[in-house]
Amino acid sequence: MKILITEFMDVEYVELLKTNFEVTVDHDLSTNNTELKKIINSFDALIVRNKTQVTKEVLDKANNLKFVGRLGVGLDNIDTVYCKNHNIHVQPATGMNADSVAEYVINAALTLLKNIPLMHQETLIGNWPRTSISSRELRGKTIGLLGFGLIAKKVSTLAKVFEAKIIAYDPYLDPSVGNQFDTKLIDINDVFRMSDVISIHLPLTENTKNLLNYNTFKKMVKQPIIINSSRGSIVNEQDLLRAYEEKLISGFALDVYNTEPVPKAFLEKVKKNTNCILSPHVAGVTEESNKRVSEFIAKTAKEFFNL
Ligand SMILES: NC(=O)c1ccc[n+]([C@@H]2O[C@H](COP(=O)([O-])OP(=O)(O)OC[C@H]3O[C@@H](n4cnc5c(N)ncnc54)[C@H](O)[C@@H]3O)[C@@H](O)[C@H]2O)c1
């Protein structure tokens, strides 16, 4: 049984797979679909993160493929419809990195409400901005969550410790789901109107693409902090910068981008004295979560093949 791993996986669990599989690890294949198409035919299983594009063209060549393991949760880099139609099992590591993302969100909310990026820059150049830059508490603030799935629920639980109020928009859920987490499920425009912090926890779909754009930023009343740790194209990045310039929002944290790695052209537009945090799609990637997702996918692959 042959397994191909194209992105980083905890070494301990690559070794575990080697006890049952003939394992090939080649990270270069995550950005080289031409080569991937050439060799995929001999593999029974493929393990990826979010870089490898498991497209129809790749899958067309994968005559022996029965299992695709995703070391994470978003499946937008995998043609899941094709997999379903061709009996290829796609296995995300559901829930295994949710704690890491939830902590990232709380950290971003606190850091940006307290204007820490601005404080840091001013202090570093010898200024002493004790009174010129203000700072706020998370306590008593309203956090609006777009999507109320696994990660958003964890954010909600953590935020309660800070005595923040939580509201959320998720029309696919029964309101009683929100009640279990002391979270009111409401209309999206009310989330825009009422929130001091807006954090996005949606999948990328035709409905969610470009969901935060100039028009929606204009509906935000309380100059919220925007946090996107879900998928890049859900936020219109140019409109986000414009909204910050026009003080419609008071800061932003981006972990995900329209194009990754994020193009220089975008970075050049982010002014130095911006209250923002930019990170390279790592909200879900901690030492702990890497072990959890790797263990989960390795064990699930073994079980899938009855090994
Ligand atoms: N940055 C990272 O490292 C990282 C790590 C893990 C997950 N993610 C991303 O975070 C996002 C959330 O993950 P999750 O595990 O909480 O997902 P989930 O599937 O548990 O929750 C998503 C929720 O969004 C809701 N939803 C779907 N379409 C909607 C729409 N049009 N309007 C409103 N609600 C809608 C669903 O009903 C569901 O409750 C995903 O995009 C995932 O890819 C990013």
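## A tour from Gly72 to the ligand and the sheet

Select Gly72 first and display its surroundings: leaving aside residues up to four places away in sequence, Gly72 touches Arg49, Asn50, Pro92, Ala93, Asn97, Gly284 and Val293, where contact requires C-beta atoms, placed from the backbone, to lie within 7 Å. This is a predicted model, in which local features need pLDDT of at least 70 and side-chain atom pairs count only at pLDDT 80 or more, while totals for chains, interfaces and linings use all residues. Residue numbers start from 1 along each chain as its sequence is written.

Is Gly72 buried or exposed? Gly72 is buried because 22 other C-beta atoms lie within 10 Å; a residue is called buried at 20 or more such atoms, exposed at 12 or fewer, and partly exposed in between, with C-beta atoms placed from the backbone. Gly72 sits in the loop between strand 4 (67-70) and helix 4 (80-85), with helices (H or I, at least four residues) and strands (E, at least two) being DSSP runs numbered from the N terminus.

Next, select strand 3, residues 45-48, which is covered on both faces, with Ala45 and Ile47 buried on one side and Leu46 and Val48 buried on the other. Strand 3 runs parallel to strand 1 (residues 2-5), joined by three bridges, and parallel to strand 4, joined by four bridges; strands count as paired if DSSP finds at least two bridges between them. Ala45 is the bridge partner of Ile3, and in strand 4 the bridge partner of Ala45 is Phe67.

Now show the ligand and its shell of 32 residues, of which Gly74, Gly147, Gly149, Ile151 and Gly284 come nearest; a residue is near a molecule if its C-beta atom, placed from the backbone, lies within 6 Å of it. Domain 1 (2-96 + 287-304) and domain 2 (98-278) each give at least three residues to this shell, the bounds coming from an automatic or database domain assignment. Helix 7 provides the largest share, three residues.

Finally, keep helix 7 (150-161) selected and add the open sheet, whose seven strands follow the order 8-7-6-9-10-11-12 with parallel pairing. Strand 8 (184-185) and strand 12 (276-278) are the edge strands, each pairing on one side only. Helix 7 packs on this sheet, touching strand 6 (142-146), strand 7 (165-169) and strand 9, and its direction makes about 170° with that of strand 6; axes are lines fitted to C-alpha atoms, for helices over the stretch in contact, and angles run from 0 to 180 degrees between N-to-C directions.

Conventions. Two residues are in contact if their C-beta atoms, placed from the backbone, lie within 7 Å.
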